[in-house]
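Me: I would like to go through this model with you and ask, for each term used, what justifies it. Please set each value against its cut-off before you conclude.

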Amino acid sequence: MSWFRDGPSLSTSARGAASALARRIGLDTHRAAEVGLAVTEAATNIQRHATDGALLLRTLHTDEEAAVEFVTVDSGPGMADVSAALADGASSTGTLGIGLGAVARLADHFDVHSVPGKGTVMAAQFWSRQADEEGVTAARLAGQQRVSGMTRPISGEMTCGDAWSARLDTATGTDSDRPAVLVMVCDGLGHGPLAARASAAAVEAFHATPATDPEGVMHAIHRALRGTRGGAAAVARIDPAAQRVQYCGIGNISGFLIDHAARKALLSVPGIVGVNMRRLRTFEEPLPEGGALAMHSDGLTERWDHTALAGLLHHSPLVIAGQLLREAGVRRDDASVVVVKGVW
C-alpha cells in the first residue's frame, strides 16, 4: 500500500508504481498497461483540477488471484455533473484523452462520489482478464465488498500505526446465509514502526482468536499487545439476522451507526489495550435500515456530517470511507477508517 501526494511527479510516479505492481501480482502485460493508463488519467485529473489531492495504490486478494486497486481523494472543487464527466469523449485538459468513462470501463469495479465545493473520491479495481469463470466470479464479488476502509500514515512517515481488519463469523451466525461480521480498528500508541507493530499484533490476534463476541476478542487483543507500547482498539459484531450491532471499545476509537438522516455514536471506555485495560463494556444497538457502520481512529475528528454529502450512502464502503477521511482526516496523525454497508 502506497500513498502518492499531489505534486509535479504524481502521474509519473503513480503510473510507474501501478504498472510494476500489476506485473508483480501476475497481471499480463496488456492488463498492466491498462492499469497504468487508468492511474495516469486519475492522477492527471488531480494535478490539473483538484485541491490537496492524493492517490492510494494497493493490492486486493482472493484465495485464487490478486488485483490492483486505486483510490483518489481530493478537497475540491468537485464535479457538478458526474454523469457528464463519465460520458464518452469527456476528458480533462492535458490528460491522455481516454476520459474517466474509459477508466470506468477498464476497471472491474468503479465508483465515484463528488460534492461541488467539497471534493471527490474515486475508486477502481483491476483483476486479470484471463481468469477462468470461477475466478471472474470471485473478482466480481470482491469488487462488491461490503466491508472496506483505508489507513494513512502521519505526514513524514512511511508506516502507519493504525490498522483495521474484518472477518466473518460463520460458525455461530444464526443465519448461514447472513453470517455475522466482526470488525476491528486499532490505533497503536504514537507513530511509526513501534505503533505499527502494536497494530499488527492486534490484527493477528483478531484473526487467531476463536472468540466471536466483542469482549472475548478484545481480551485476546489485550494479551497480544502486552510487550508492545499498546494502543486504542474497538471491536464491533454486526449480526444481520438479529438486526443488531454489539460494540466494545477501549480508548479513542470512534464508532457510528449512520443512516440517510442522522448518526448514532457507539461508546468506548478509557484505557490502553495491552497496558491498562479497565473492565470491558459491550454496548448494543439496532441496525439502521439502509445504513452503515463507520469506525475510525482519532486520526479523524468526529466533526463530519455525512448528511451534507448528498447520496453518500448509495456508494461503496471504500468510497464512503474515503469521503470521511477527506472530510475529517488530520494530517498530523495516523488515520484509519473502515465502513460496513450492505451486510444487513
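Me: What joins E2 to E3, and through how many residues?

Reply: In this predicted model, E2 is linked to E3 by a hairpin of 4 residues. The two strands run antiparallel and are joined by 8 bridges.

Me: What makes E2 and E3 count as paired strands?

Reply: Pairing requires at least two bridges between the strands, and E2 and E3 have 8 bridges, so the term applies to them. One of these bridges sets Leu55 opposite its partner Thr72 in E3.

Me: How do you know that E1 pairs with E2 as well?

Reply: Strand E1, residues 2-5, shares 4 bridges with E2 in the antiparallel sense; since at least two are needed, E1 and E2 also count as paired. Among the partners here, Ser2 is matched with Leu57 in E2.

Me: Why is strand E2 called mostly covered?

Reply: Strand E2 spans residues 54-61, and 6 of its 8 residues are buried, where buried means under 20% relative accessible area.

Me: Why is Thr72 called buried?

Reply: Thr72, which lies in strand E3 (residues 66-73), has a relative accessibility of 4%; the cut-off is under 20%, and therefore Thr72 counts as buried. Leaving aside residues up to four places away in sequence, Thr72 touches Ala42, Ile46, Ala54, Leu55, Thr120, Val121 and Met122.

Me: How do you know that Val340 is buried, and which residues does it touch?

Reply: The relative accessible area of Val340 is 1%, and because buried means under 20%, Val340 belongs in that class. Val340 is part of strand E17, residues 335-341, and its contacts, not counting residues up to four places away in sequence, are Arg146, Val147, Val183, Ile238, Ala292 and Leu293. Val340 also lies 8.8 Å from Gly149, C-alpha to C-alpha, although 191 residues separate Val340 and Gly149 in sequence.

Me: How many helices and strands does the chain have, and why is the chain called as compact as a globular protein of its length?

Reply: The chain contains 8 helices and 17 strands. Its radius of gyration is 20 Å, and the globule rule gives 20 Å for 344 residues, so the chain is as compact as a globular protein of that length. Along the principal axes, the C-alpha atoms fill a box of roughly 60 × 45 × 40 Å.

Me: What share of the chain is buried?

Reply: Of the 344 residues, 55% are buried, again by the criterion of under 20% relative accessible area.

How values were computed
Residues numbered from 1 in each chain as written. Predicted model: local features only at pLDDT ≥ 70, side-chain atom pairs only at ≥ 80, totals over all residues. Heavy atoms only, no water. Buried < 20%, exposed > 50% of the residue type's maximum accessible area, 1.4 Å probe, protein only. Contact = heavy atoms within 4.5 Å. Rg over C-alpha atoms; globule rule 2.2 N^0.38 Å.
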